[in-house]
Amino acid sequence: MDEKQVMAVDLGGTNIRVAVISGDGDIAHRTRVATHAEEGPKAVIERIGTLVNRVAKMAGLDSDVPVGVASPGPLNPRTGVVHYTPNLPGWRDVPFVEILTSLIDHPATLANDGNCGALGEARFGSAKGVQNLVYLALGTGIGGGIISEGVLIDGKNGLGAEVGHITIALDGSRCTCGSVGCLESFASGWAIQRDAEAIATTEDGDLLRELAGDGEIHAGIVAEAARQGDPAACQVLDRAGRALGAAMGSFVNLFDPEMIVIGGGVAALGDLLMAPARSALPTHSFVDMRGSLDLAYSSLGDDTGLYGAAALAFTVFGERA
Ligand SMILES: [Zn+2]
């Protein structure tokens, strides 16, 4: 049994989640509070500090037990500064780690949720023990991370690897990042919804409109229509899946991974997305990886952020944990 422990903070959703996680992946003292992002960065970080102190006290942790934080980015893990986050309004160049460590007795480190996810999968999840890994988090947007020979590849300032924003099409549609033709603009939740809503304005979109009722035509609606054999829905998911396959082909060419792990809510589409992705992949990879590349789904589910934050703390603070 691995008795080393860290504290993990997941800042990913509308809640702040904190837990104590052991080297074996046992989760204890799991706690959450509403983020209240509208109150601004200082109030949110103070809330995190209070929660960390409470959990540390409950668990009886010494002050050398480190804290890992998984946060939406872009952020600089070297300096602990969050440059900007789409889901937390008013966050601009916030010295997150500096503020947090002034409120707690523990060392702390921060990384973006995609990179944390890659570390979490490699330490606790589907890619446990895998040294060469590409992790793709398919959600409303697309994040992820890359581990090569056991080392997280995140560049000079830790701003890599924005795997959702590699270019799939030179003349593609506009992405949330300002670029055009990114993977995210093809295969994310918002892109699938955009394509489905466009079709829903035509007679081909009868079933999509019917299933959505008064609601949005989100990826789950598209999946339901596709399962009923709706050609328009199948077409939307086929296009998204082929874009995903093309991106995976590029990752194969660049990183020669043993495994690509697919996580995030859109991964629930399963083979509706992954079948076209799998069949497109060899077309877009220089080396035929069939037979030597594993495609796996994340096994960490809703706890990806917590496990990722814990894996980050173990990685950064190592044996001090
Ligand atoms: Zn983009």
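Me: Two strands pair if DSSP finds at least two bridges between them. In what order do the five strands of the open sheet stand?

Reply: This is a predicted model, in which local features need pLDDT of at least 70 and side-chain atom pairs count only at pLDDT 80 or more, while totals for chains, interfaces and linings use all residues. Residues are numbered from 1 along each chain as its sequence is written. Helices (H or I, at least four residues) and strands (E, at least two) are DSSP runs, numbered from the N terminus. Here the order is β3-β2-β1-β4-β8, with mixed pairing. β3 (27-34) and β8 (108-112) are the edge strands, each paired on one side only. Between neighbouring strands of this sheet, the average turn is 20 degrees, direction ignored.

Me: In which sense do β4 and β8 pair?

Reply: Strand β4 (residues 67-71) pairs with β8 in the parallel sense, over five bridges. To find one of the bridges, start at V67, whose partner in β8 is A108.

Me: Which strands does helix α10 lie across?

Reply: Angles run from 0 to 180 degrees between N-to-C directions, and axes are lines fitted to C-alpha atoms, for helices over the stretch in contact. Two residues are in contact if their C-beta atoms, placed from the backbone, lie within 7 Å. Helix α10 (residues 304-317) lies across β1 (5-10), β2 (15-22), β3, β4 and β8, and runs at about 135 degrees to β1. Helix α3, in turn, lies across β4 and β8, at about 100 degrees to β8.

Me: How far apart are the C-alpha centres of domain 1 and domain 2?

Reply: Domain bounds come from an automatic or database domain assignment. For this protein chain, the assignment gives domain 1 as 5-118 + 302-320 and domain 2 as 128-298. Their C-alpha centres lie 27 Å apart. Domain 1 puts 11 residues into the contact and domain 2 puts in 15 residues. On the side of domain 1 that touches domain 2, helix α3 (residues 113-124) gives the most, with five residues.

Me: Where do α7 and α8 meet?

Reply: Look first at the axes of helix α7 (residues 219-227) and helix α8 (residues 231-255), which come within 7 Å and cross at roughly 120 degrees. On the α7 side the contact is made by V222, A225 and A226, and on the α8 side by A233, C234, V236 and L237.
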